[in-house]
Amino acid sequence: MTQRTVLDAPDISRAITRIAHEIIESNKGSDDLVLLGIPRRGVPLAHRLAEAIASISGRPETAGELAGSLDITMYRDDLRGGSYRAPEPTTIPSAGIDAKTVVLVDDVLFSGRTIRAALDALADVGRPAKVRLAVLVDRGHRDLPIRADHVGKNLPTSSSERVNVSLTEIDGDDSVSISGGRE
């Protein structure tokens with residue numbers, strides 16, 4: 001199976017910095033902001049974004065207060081399909097999410113079903129003032145009317161291709177590649 005790299009480590013770093021600037025601009029600063037990563041790779045991305053936002057805002061000590069994780073396992077609509085994953089902990093920053101701008105963070109936006117599940121899970125945690133979506137890669141092919149507010153890279157793909165995201169925290173390196181498709 002052929003695989004081509006479309007983003008390397010410096011590309012991913014630049015995308016995270018750009019998304020961090022966009023989030024600060026749309027939120028008019030970093031106050032009342034919470035980033036919730038969707039396991040697996042959304043969690044390290046949320047923490048990287050939190051570090052970038054805190055640094056850009058001139059308050060690097062606040063990075064740990066910005067990021068958490070939101071497990072969506074039990075909210076997925078494909079649990080009956082046999083693709084089951086063990087639930088991971090949901091961690092919400094100590095200030096909570098009520099009346100805050102929550103940015104959901106994921107690695108790849110595809111059908112929109114993961115984000116639908118995240119919105120359901122978020123409703124059980126609290127009531128944010130606003131919810132936004134940041135993704136490293138938007139590959140198209142939606143099943144649901146969901147759109148990312150902040151995108152690192154739009155990657156037009158065929159539905160037979162697979163987008164593979166590797167992050168240092170989980171996989172040992174940073175890259176995004178596309179595999180499969182028609183030869």
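The following exercises, each with a worked solution, explore a predicted model of a protein structure.

**Exercise 1. The open sheet**

Determine the order of the strands in the open sheet of 3 strands, and find which strands lie at its edges.

Solution. Begin with the pairing, which is antiparallel and gives the strand order 1-8-7. Next, look for strands that pair on one side only, and these turn out to be strand 1 (3-7) and strand 7 (161-166), the edge strands. Neighbouring strands of this sheet are turned by 30° against each other on average, if direction is ignored. For a closer view of one pairing, take strand 1 and strand 8 (residues 175-180), which run antiparallel and are joined by 4 bridges; R4, for example, has I178 in strand 8 as its bridge partner. Finally, turn to the helix that packs on the sheet, helix 1 (residues 9-27), which touches strand 1, strand 7 and strand 8 and whose direction makes about 40° with that of strand 1.

**Exercise 2. Two helices in contact**

Describe how helix 1 and helix 2 (residues 42-56) cross, and list the residues that make the contact.

Solution. First consider the axes of the two helices, which come within 9 Å and cross at roughly 60°. An angle from 35 to 65 degrees falls outside the roughly parallel and roughly perpendicular ranges, and therefore helix 1 is oblique to helix 2. The handedness comes next, and the crossing of helix 1 and helix 2 is right-handed. On the side of helix 1, the contact is made by I12, I16, T17, I19, A20, H21, I23 and I24, while helix 2 contributes L45, R48, L49, A52, I53 and I56. Sorted by class, the residues of this contact are 11 nonpolar, 2 polar and 1 charged.

**Exercise 3. Two residues and their surroundings**

Decide whether A118 and H150 are buried or exposed, and name the residues that each one touches beyond its neighbours in sequence.

Solution. Start with A118, which is found in helix 4 (residues 113-125). Buried means under 20% relative accessible area, so A118, at 0% relative accessibility, counts as buried. Leaving aside neighbours within four places in sequence, A118 is in contact with I38, L70, I72 and L104. A118 can also be placed relative to D77, from which it is 41 residues apart in sequence and 11 Å apart in space, C-alpha to C-alpha.

Continue with H150, which lies in strand 6 (residues 150-154). Because its relative accessibility is 4%, H150 counts as buried as well. When residues up to four places away in sequence are not counted, H150 touches I19, E22, I23, S26, R132, L133, A134 and V135.

**Exercise 4. Backbone angles in the loops**

Find where K28, A99 and R40 lie, and state what is notable about the backbone at each of them.

Solution. As a background for this step, most residues other than glycine have a negative phi, and most peptide bonds are trans. K28 lies in the loop between helix 1 and strand 2, and its phi is near 60°, a positive value in a residue other than glycine. With a relative accessible area of 77%, K28 is exposed. A99 is found in the loop between strand 3 (67-69) and strand 4 (101-109), and has a positive phi of about 65° although it is not a glycine. At 57% relative accessibility, A99 counts as exposed. R40 belongs to the loop between strand 2 (33-37) and helix 2, and here the notable feature is the cis peptide bond that joins P39 and R40, with an omega of about 10°.

Technical notes. Residues are numbered from 1 along each chain as its sequence is written. This is a predicted model: local features need pLDDT of at least 70, side-chain atom pairs count only at pLDDT 80 or more; totals for chains, interfaces and linings use all residues. Side-chain values use heavy atoms; hydrogens and water are left out. Buried means under 20% relative accessible area, exposed over 50%, partly exposed in between (1.4 Å probe, protein chains only). Contact means heavy atoms within 4.5 Å. Two strands pair if DSSP finds at least two bridges between them. Axes are lines fitted to C-alpha atoms, for helices over the stretch in contact, and angles run from 0 to 180 degrees between N-to-C directions. Angles under 35 degrees count as roughly parallel, over 145 as roughly antiparallel, 65 to 115 as roughly perpendicular and the rest as oblique. A crossing is left-handed if the near helix is turned anticlockwise from the far one by less than a right angle, and right-handed if clockwise. Ala, Val, Leu, Ile, Met, Phe, Trp, Tyr, Cys and Pro count as nonpolar, Asp, Glu, Lys and Arg as charged, and the others, Gly among them, as polar.
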